[in-house]
Amino acid sequence: MTVLGAIEGGGTKFVVGIGTPDGKIEDLQSFPTTTPEETMGRTVEYFADKGVSAIGFGSFGPVDLNRQSATYGHIALTPKPHWSHYDVVGHLKRYFDVPIGFDTDVNAAALGEATWGAAKGLNSCLYITVGTGIGAGAVVEGKLVHGLTHPEMGHILVPRHPEDTYAGKCPYHADCLEGLAAGPAIEARWGVKAYELAEDHKAWEFQAYYLAQALMNYILIMSPQKIILGGGVSKQTHLLPRIREQLRTLLNGYVHHPAILEQADQYIVTPGLEDRAGITGSLALALQALEEK
């Protein structure tokens, strides 16, 4: 039986696991993200006796995904202490002579949802996570989107809500999407964490306003067949209807399609793979690497 390895490398914790080519996760383990040496050491130790045929690694970013680059497989400049310029793929290759699929954590989740989740059977989708940060991964014509670097859709500029006076949390852009709508921005603006806010709190009007603007931009640029909204903030079940309604208002009939006008509850959805979108997507990266071998 073919055994695939999966790594969901987050800034706070690593999740490692093994699974099968049909997307079934058979074992999982998680541990805190500390130093690269300790964290990658525990990762190698986990896989040492698993007999994996390939490994998929969905990593926090930024990362170098250019296979022709001398620093392919490295973490790029990151505020995460000690991780800047660390060669995570090279570290794995020292211990495992198997194909290694490497991408961002959000691209991995997008691939997982396209392969086995909410976008299964479609040739395009967008996966967005709203939590400690905001990031997005895209599948277009069945392939993950890459370019000069990898997309950073969480940092687009969005017009402010007329009543929002908060300066913004992003250290680079202040009031970009992440700076206004990620979890830390919500907490800094209102003094409590998002899950502590009542459903009728003004925060959710702001949140829907910013996220709907982002979705409008993504729809107009990429026209994905499905939008999947993940992450901690998006678990507020009352938020999605607000976003769908605000999106329809912003688009104002310009994209005249029933998916938006009549079936938005099936177009903008939560992950079909639930909390396992990232790790299952990393399994999909492993499968892809094995098939490309």
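Gln236 counts as buried, at 16% relative accessibility, where buried means under 20% relative accessible area, exposed over 50% and partly exposed in between (1.4 Å probe, protein chains only). The place of Gln236 is in the loop between S9 and H7. Leaving aside neighbours within four places in sequence, Gln236 is in contact (heavy atoms within 4.5 Å) with Ala194, Tyr195 and Trp204.

The structure is a predicted model, in which local features need pLDDT of at least 70 and side-chain atom pairs count only at pLDDT 80 or more, while totals for chains, interfaces and linings use all residues. Residues are numbered from 1 along each chain as its sequence is written, and side-chain values use heavy atoms, with hydrogens and water left out.

**Overall architecture**

The chain contains 10 helices and 10 strands; these are DSSP runs numbered from the N terminus, with helices (H or I) of at least four residues and strands (E) of at least two. The radius of gyration is 19 Å, close to the 19 Å that the globule rule gives for 293 residues, so the chain is as compact as a globular protein of that length. That radius is taken over C-alpha atoms, and the rule is 2.2 Å times the number of residues to the power 0.38. Along its principal axes, the C-alpha trace spans about 55 × 40 × 35 Å.

Of the 293 residues, 53% are buried. Among contacts with a separation of 6 or more, 63% join residues 24 or more positions apart. The chain exposes about 13700 Å², of which carbon and sulfur atoms supply 50%; the areas come from the Shrake-Rupley method with a 1.4 Å probe.

**Nonpolar cores**

A nonpolar core is a set of buried Ala, Val, Leu, Ile, Met, Phe, Trp, Tyr and Cys residues joined through side-chain atoms within 4.5 Å. The largest one holds 39 residues, and Ile128 and Leu177 touch the most other members. Elements that each supply at least two residues of this core include strand S6 (125–130), strand S9 (227–230) and helix H6 (202–222). H6 gives the most, with 12 residues. Apart from this core lies another, of 27 residues, among them Val3, Met40, Val89 and Val98.

Not counting residues up to four places away in sequence, Ile128 touches partners including Ile134, Leu215, Tyr218, Ile227 and Leu229.

**Phe57 in strand S4**

Phe57 is found in strand S4 and is buried, with a relative accessible area of 1%. Beyond neighbours within four places in sequence, the contacts of Phe57 include Ile7, Phe14, Met40, Leu92, Phe102 and Leu285. Phe57 and Gly73 are 16 residues apart in sequence and 9.9 Å apart in space, C-alpha to C-alpha.

**Backbone exceptions**

Most residues other than glycine have a negative phi, and most peptide bonds are trans. The peptide bond from Gly61 to Pro62 is cis, with omega near 5°, and Pro62 is found in the loop between strand S4 (54–59) and helix H2 (88–93). Two residues with positive phi, neither of them glycine, are listed below.

| Residue | Phi | Loop | Relative accessibility |
|---|---|---|---|
| Ala174 | near 60° | between strand S8 (143–144) and H4 | 30%, partly exposed |
| Asn252 | about 55° | between H7 and H8 | 66%, exposed |
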